[in-house]
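I opened my notebook to keep track of what I looked up. The entries follow in the order I made them.

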Amino acid sequence: ERMDLETLETGLRRAVGRRKGTEDYVAASLVERLAVTLDCDLPTPRIGEALPLGWHTIFCLQAPPRAELGDDGLPRQYDLIPPVAMQRRLFGGARLEFHGRLVVGEPVRCESELSETKVRSTATAHLAIATLRHRFFGPAGLAVVEEQDIIHMDVVEGATEKAPGAREGRPSPTWQRANVFCSATMRFASSTAASSAPDGATARW
């Protein structure tokens, strides 16, 4: 098992530096649909106006055919991350830097790179973590840098949910439950926002 993890780590490290470029267009129709989905109080940006911060995420997406998707709705094979034979795939978080603004009606280019990989083991699971760096450019230059952590996980066979000593010395977390109501109108608006995107256009991996 240890040798398998070492082999996996070696393969992932060799892939660090892989790059790809994706071109798109900041279409006013998509921006309007996202504004409706988010129920924004502010006026929807028009052609020639700056795209709101964070809205870059609906552009330059990977769009594999449905036949190439796994049971979890994600591509079986990524463009940048080598195959990882682990049971679960998780989104581990993201970090954003804003250097400029993308503009509605202008082209956008995303340069993506596999910047770092890690393989870790805990008492309950094996983890393979891949960090992707995406840089978004408009005609005026660099606008957004986004780093994403993609986690592959395998549960250790025979491990209990709480391994002895796994949380020793750590304070117990305080949880607060929040109920979010999603109306039929909101669900319809969400489907409308995605209606122009191809099946599986949900990832930039």
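**Notes on Arg135, cysteines and rings**

I began with the contacts of Arg135, leaving out residues up to four places away in sequence, and found Arg109, Cys110, Glu111, Leu142, Val144 and Val145. I keep in mind that this is a predicted model.

Next I looked up where Arg135 sits, and found this residue in strand 4, which covers residues 125–138. Is Arg135 buried, exposed or partly exposed? I noted a relative accessibility of 34%, so Arg135 counts as partly exposed. I also checked Arg135 against Glu97, which is 38 residues away along the chain. Their C-alpha atoms are separated by 9.5 Å.

Cys110 was on the contact list of Arg135, so I turned to the cysteines. How many disulfides does the structure hold? I found zero. I wanted to know why Cys110 has no such bond to Cys60, which has the closest cysteine sulfur. The two sulfurs are 5.2 Å apart, and a disulfide needs them within 2.5 Å, so the distance is too far for a bond. Cys110 has a relative accessible area of 0%, so I wrote this residue down as buried. For Cys40 the value is 33%, so I entered that residue as partly exposed.

Arg109 was also on the contact list of Arg135. I looked up what Arg109 lies over, and found the face of Phe137, at 4.6 Å from the ring centre.

My last search was for aromatic pairs. I searched the whole structure and found zero of them.

Definitions and conventions
Residues numbered from 1 in each chain as written. Predicted model: local features only at pLDDT ≥ 70, side-chain atom pairs only at ≥ 80, totals over all residues. Heavy atoms only, no water. Phe/Tyr/Trp six-rings, centres within 6.5 Å; stacked < 30°, edge-to-face > 60°. Lys NZ or Arg CZ within 6 Å of the ring centre and 35° of its normal. Helix = DSSP H or I, 4+ residues; strand = E, 2+ residues; numbered from the N terminus. Buried < 20%, exposed > 50% of the residue type's maximum accessible area, 1.4 Å probe, protein only. Contact = heavy atoms within 4.5 Å.
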